[in-house]
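Reader: I would like to practise reading strands, helices and chain contacts from a model. Could you walk me through one?

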Amino acid sequence: MLSIRNLHVSIKGKEILKGINLEVNPGEVHAIMGPNGTGKSTLAYVISGRDGYDVTEGEIIFKGRNILDLSAEERACEGLFLGFQYPVEIPGVSITNFLRTAINEQRKYKGLDPVPAPEFLAKMEEKKQLLELQDKLASRSVNEGFSGGEKKKNEIFQMAMLEPSLAILDETDSGLDIDALRIVATGVNKLRRPDNSTVVITHYQRLLEYIVPDVVHVLFDGRIVKSGGKELALLLEEKGYEWIRSES
Amino acid sequence: MEAGIVATTYNLKEYLQGVIIARKHEIGLNDTPVVAQKRADAFELFCRMGFPHAALEKWRGTDLSRALNYEYQALPEQPSADIDIEKIFKCDVPHFETLLVSQLNGWYADRNNLLQVYPNGMIIGSLAAAFRKYPELVNAHYGKYADDKADGLTALNTAMSQDGIFIYIPDNVTVEQNIQTVNITDFKQNLFLNTRNLVILGENSHLRLVQCDDSINHDVTFINSVTEVKIGRNATLDHYKMQNKDDHTTLINSMFFHQDEGSSLSTNAISLNGGLIRNLSHVTMSGSHSNAEVYGLYLMDRYQHVDNQVFINHAAPECESRELFKGVLDDHASGVFNGHIKVHRDAQKTNAFQTNKNILLSDKATIDTKPFLEIYADDVKCSHGATIGQLDPEALFYIRSRGISEANAKILLMYAFAADVINKISIPELRQRMDDMVKKRLRGELSQCEQCVLNCSTHEHQKVDFKIDLSKI
């Protein structure tokens, strides 16, 4: 699904990622943990094609193709999805219109006709129930005036609608109360399939009680310094990041 | 040199002065003595002031010199009585029920029926005909609200205008239909037009008025339009100005609103295209507890220029005014926003709020925005804010990360920016159409055959289907 090999990334000459190696197979859930400022969000942004980052070395292979030359929208059309830590408000554009536009552009990329309205609406209905979304939410403007929890739920709702092969969820748990966290995690779990993968970026172990990862990585100072099973997250919780610091 | 420009010997001011003197009788044919006196005074003022120029504070950002350097014809003939206006213009906004009032080259177009009196007492028709038939109404309001001393162009209009639209709504009448006025220019030469409208709303009356500017010809046109509106006690006016002119047109649109006690005004100027557009909204709140909402949206590109001048004159206590102007400027387009709020000493407990937000899409586009608050009362709430920015890169990335192309992501963000003002339109069919127009404008699809503001289908052009294509926005 995703192979990252020796990825070095700089922002304005300052090296942030210093040789990342990561292998995610279909059907797997990976968690990337680490203290603030170690490059977790940078990694998410670079994979999804945000401007402003210099990849000085290495490659990102997604479904057998090096995607570094693709634009953000092309990567999305290839099946990548980024759940934002801080989703952006777009006043005046309803979620329904926004998603329909996105789905149709992705279909166009694949040479498909636009989604028929009844099919689209039925899918909206199904996914809304999955995330326990209120009916009126879909007619509201994208993220405008949403609470922190609503914004995160809306990210997972978009993910459910767009059905990506690989979803990267950047700090999806931040700002969530326990109920919202449960709903978001249930959504992610229900969307899990043998042919798709999820990378969860998180600061705390808490989310991983709900979304159980196959592999846990610890990102520290621009490198993945430790990888292991879900028990690694518990160990981190117990010993703290200082433990990594002393080990690395 | 461009065709039609005479660079050296021509002087438009002298030419127009000559026309006014030579054809004095014809111009003032229908005048009441009061109108005739105002005309004479205004002519003096125009001779003294001439055309506005960049040395005047209120004209600093708008340069008329190029527009004034063409050779124009000034007094177009009356349309013939057998003209079929439907053949020239037909509004096809779906389900938009309007009472259509047409002007052709400034003249009230229905020459067989110059003044129509409706069962509810409403009168609609030619202003020149109203001079003769309703002199008492005309004398009570005409020239009372427009400020000839403040601007040479307003004075020129008072001196030279021959006709325009007259609307009178009696006391306690709620007009159910939307009234839509359409000012069409269809002339084979360059045209300089002074049109003059007078709208009178009686006490407790209610009116929705949509003013559209359309052009059929593609010669150079200079429209100098003045509209005076009296809003009586507890009356409400919902007013829209739709502008989608070609790049050869200069449009000076001066609106003078006069509000009595307890009245409400909402006015919204939407400028989608036009070579040079200047909108003046001059609002005087002369009675307490009145309310004014002044909105505007402008989407300009190429070498287009738009200038919005707002003057809110709080002359009475406990009134509220709200201004919201938003604009997107691309290429070499330029814009001006000048928001003047004056709160008189007696106008205590005034609330006055002003916002102007702009997006510049190119580094050649410019906006000159200036709030000017003049406050003489001590118990007031006033605020103003102006922003100039580019599209938010974070938001662009967010949209693109969903698979939407950069070009469409930009359109979506611009549309989102404009939606604030579009959503203020309270007539649902008109809001829907403007929403479509704005989307088309932002996609660069507002083509020549839609240069008329509400997508007229002229005899030359095919009807255009306006269904929203959700795959694009």
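Author: Happily! Let us begin with a bridge partner: in β20(B), B:T350 is bridged to B:V380. Keep in mind as we go that this is a predicted model.

Reader: In which sense do β18 and β20 of chain B pair, and over how many bridges?

Author: Strand β18 (residues 350–360) of chain B pairs with β20(B) in the parallel sense, over 10 bridges.

Reader: How many of the 10 residues of β20(B) are buried?

Author: The count is 0, and strand β20 (residues 380–389) of chain B is hardly covered.

Reader: Where should I look for the opposite case, a helix that is enclosed?

Author: To judge that, count how many residues of a helix are buried; here, a residue is buried if 20 or more other C-beta atoms lie within 10 Å of its own. Helix α7 (residues 152–160) of chain B has 9 of its 9 residues buried, so it is largely enclosed by the rest of the structure. Among them are B:G152, B:L156 and B:M160.

Reader: What covers the buried residues of α7(B)?

Author: The cover includes the helices α1 (12–22), α2 (24–27) and α3 (33–49), along with the strands β7 (191–201), β9 (221–231) and β11 (249–259), of chain B.

Reader: Now chain A. What is the strand order in its open sheet of 6 strands?

Author: Read across, the order is β6-β9-β10-β3-β11-β12 (chain A), with mixed pairing. At the edges stand β6 (80–83) and β12 (223–228) of chain A; each has a single partner strand, so one side of each is left without a neighbour in the sheet. Neighbouring strands of this sheet are turned by 20 degrees against each other on average, direction ignored. Within it, β3 (residues 29–33) and β11 (residues 215–220) of chain A run parallel and are joined by 4 bridges. One residue pair to find is A:H30 with its bridge partner A:V215 in β11(A).

Reader: What span should helix α6 of chain A have?

Author: Use the rise of 1.5 Å a residue: the 13 residues of α6 (residues 178–190) of chain A should span 18 Å, and the end C-alpha atoms are 18 Å apart, which agrees. Its buried residues, including A:L181 and A:V188, pack against α4 (117–130), α5 (148–162) and β10 (197–202) of chain A.

Reader: How many residues does each chain bring to the contact?

Author: Chain A brings 23 residues and chain B 19. On the chain B side, α9(B) gives the most, with 6 residues. That side divides into 10 nonpolar, 4 polar and 5 charged residues.

Note on methods. Residues are numbered from 1 along each chain as its sequence is written. Chains are lettered from A and ligands numbered from 1 in the order in which they are written. This is a predicted model: local features need pLDDT of at least 70, side-chain atom pairs count only at pLDDT 80 or more; totals for chains, interfaces and linings use all residues. Two strands pair if DSSP finds at least two bridges between them. Helices (H or I, at least four residues) and strands (E, at least two) are DSSP runs, numbered from the N terminus. Axes are lines fitted to C-alpha atoms, for helices over the stretch in contact, and angles run from 0 to 180 degrees between N-to-C directions. Two residues are in contact if their C-beta atoms, placed from the backbone, lie within 7 Å. Ala, Val, Leu, Ile, Met, Phe, Trp, Tyr, Cys and Pro count as nonpolar, Asp, Glu, Lys and Arg as charged, and the others, Gly among them, as polar. The expected span of a helix is 1.5 Å times one less than its number of residues. A residue is buried if 20 or more other C-beta atoms lie within 10 Å of its own, exposed if 12 or fewer, and partly exposed in between; C-beta atoms are placed from the backbone.
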